[in-house]
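Reader: I'm new to looking at proteins and I'd love a close look at how one pair of helices packs. Could you walk me through it slowly, in plain words?

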Amino acid sequence: MRVGAFMLSAQFPGQSHGEVLDRTVRAAVEAERAGLDSVWLAEHHFVPYGVCPNAATLAALLLGRTRRIGVGTAVSVLSTAHPVALGEQAALLHLTSGGRFTLGVGRGGPWIDLDVFGSGVDAFESGFPERLDLLLRWLRGSRVGADGPQFTFPEVAVVPRATEPLRRPGLGAWLGLGEPGGRVRLPRQRQDVEGAGAGAGEELTAAGRPVAGPPVVVACTSPAGVRLAAERGLPMLLGMHSGDDDKLNMLQLYRSAWLAAGRDEEQLRRINRRHVAAGVAQVDDRTSTARATLLSAMPGWFEYGLGAHRTVDGRERKMRDPHQYTELLCDLHAVGTPKQCADRLLATAERTGIRRFALLAEGSGDHEATLHNIARLGSEVLPHLG
């Protein structure tokens, strides 16, 4: 079981952008101190739902502020980013962090972002496969050119190359010895030598061998996304709205697409350990108190944040009822006493086989309460997970 904190950099009503980002940075440092496996960062544009516009940039800061914990993007939006520019960023973070960075990518939504950044609605509706393939070629190659509908350029050298062998830090640096920041705490969760850090995305070659370079995961919210991830040999990142039955359906579709692509069951078993499920975590002494905390804060944030989205072409969009959606998240995820939170995670793992979680820890909207929630997740929930 690998448990990480998922930070949307959510701006709750009445908060400044600086306050929100400071909470995210402090939460990541606290997640490492608490012994969590990873921290995952979202990106959004022009809406208070999340005020981080570039998850890879924020990841760079957090990798510099931490020593052990993995840092991943959940997700970097490929519909508004040039795949080569994002690949360069990912390679840079992979090499300079000793392999602690994981690149999560997704196609985003039909938002005004597409107009602002000039990629257009086609990048969202049909362009994601080409963008993903170009990104992967950049991350796995030494020279790359492109001749596609969206990107055409002559072959150029990949610099820096993500496939170069990593320079691992020594034990003293890994423990934080001789570094500022106070008392050293050993990690609670095991880190594999070849899969340190967020490490959720072990891409496999057709022969089933791990691919060098930063792990990549793909946010999957539709059957087409699931098939694309399976065909490319990449693990999935599943959203907060998915219950265990939904996860099972997506895993079954993934299996069918995986085998149809010519990969075998042993390879599938390995990649299944790398899927990530996003969720919510709110730890308290009483379940009713944990639920009340989220139900008092999250509906207002949903209405304030999600309501600010504008579509690129004026298409109609429907928004979930904020209160009902918060209740659904409380029902689906790790909200309650430490034992109940652990039991919820274990139940999902037993039913679906998923062993990696990225849990939204800032649902209270309060700075100190978020840090306290993460601390309790590490000290009181993780021990129940073995």
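Reader: At what angle do helix α1 and helix α14 pack, and how far apart are their axes?

Author: Happy to. This is a predicted model, where local features need pLDDT of at least 70 and side-chain atom pairs count only at pLDDT 80 or more, while totals for chains, interfaces and linings use all residues. Residues are numbered from 1 along each chain as its sequence is written, and side-chain values use heavy atoms, with hydrogens and water left out.

Now your pair. Helix α1 covers residues 17–33 and helix α14 covers residues 367–381. They pack at an angle of about 20°, and their axes are 9 Å apart. (Helices are DSSP runs of H or I with at least four residues, strands are runs of E with at least two, and both are numbered from the N terminus. Axes are lines fitted to C-alpha atoms, for helices over the stretch in contact, and angles run from 0 to 180 degrees between N-to-C directions.) So α1 and α14 count as roughly parallel to each other: that label is for angles under 35 degrees, with over 145 called roughly antiparallel, 65 to 115 roughly perpendicular and the rest oblique. The crossing of α1 and α14 is right-handed, meaning the near helix is turned clockwise from the far one by less than a right angle, while anticlockwise would be left-handed.

Which residues actually touch? On the α1 side, look for E19, D22, R23, R26, A27, E30 and A31. On the α14 side, the partners are H367, E368, T370, L371, I374 and A375. (Contact means heavy atoms within 4.5 Å.) Sort the residues of this contact by class and you get 5 nonpolar, 2 polar and 6 charged. (Ala, Val, Leu, Ile, Met, Phe, Trp, Tyr, Cys and Pro count as nonpolar, Asp, Glu, Lys and Arg as charged, and the others, Gly among them, as polar.)

Before leaving α1, glance at the loop that runs between β1, residues 2–7, and α1. S9 sits in that loop, and S9 has a positive phi of about 55° even though it isn't a glycine. Most residues other than glycine have a negative phi, and most peptide bonds are trans.

While we're on backbone oddities, there are cis peptide bonds to look at too. One joins A74 and V75, with omega about 5°. You'll find V75 in the loop between β3 (70–73) and β4 (76–77). The peptide bond from V159 to P160 is also cis, with omega near -5°. P160 belongs to the loop between β7 (152–157) and α7 (171–175).

It helps to set a second helix pair beside yours. The axes of α11 and α12 come within 8 Å and cross at roughly 135°. That makes α11 oblique to α12, whereas α1 and α14 are roughly parallel. The crossing of α11 and α12 is right-handed.

In this second contact, α11 brings R291, L294, L295, M298, P299, F302 and E303. Across from them, α12 offers P322, H323, Y325, T326, E327, L329, C330 and D331. The class split here is 9 nonpolar, 2 polar and 4 charged residues, and for α1 with α14 it was 5 nonpolar, 2 polar and 6 charged.

To come back to your question: find α1 and α14 in the view and picture a line through each, about 20° between them and 9 Å apart. Then look for R26 of α1 and L371 of α14, which are among the residues making the contact.
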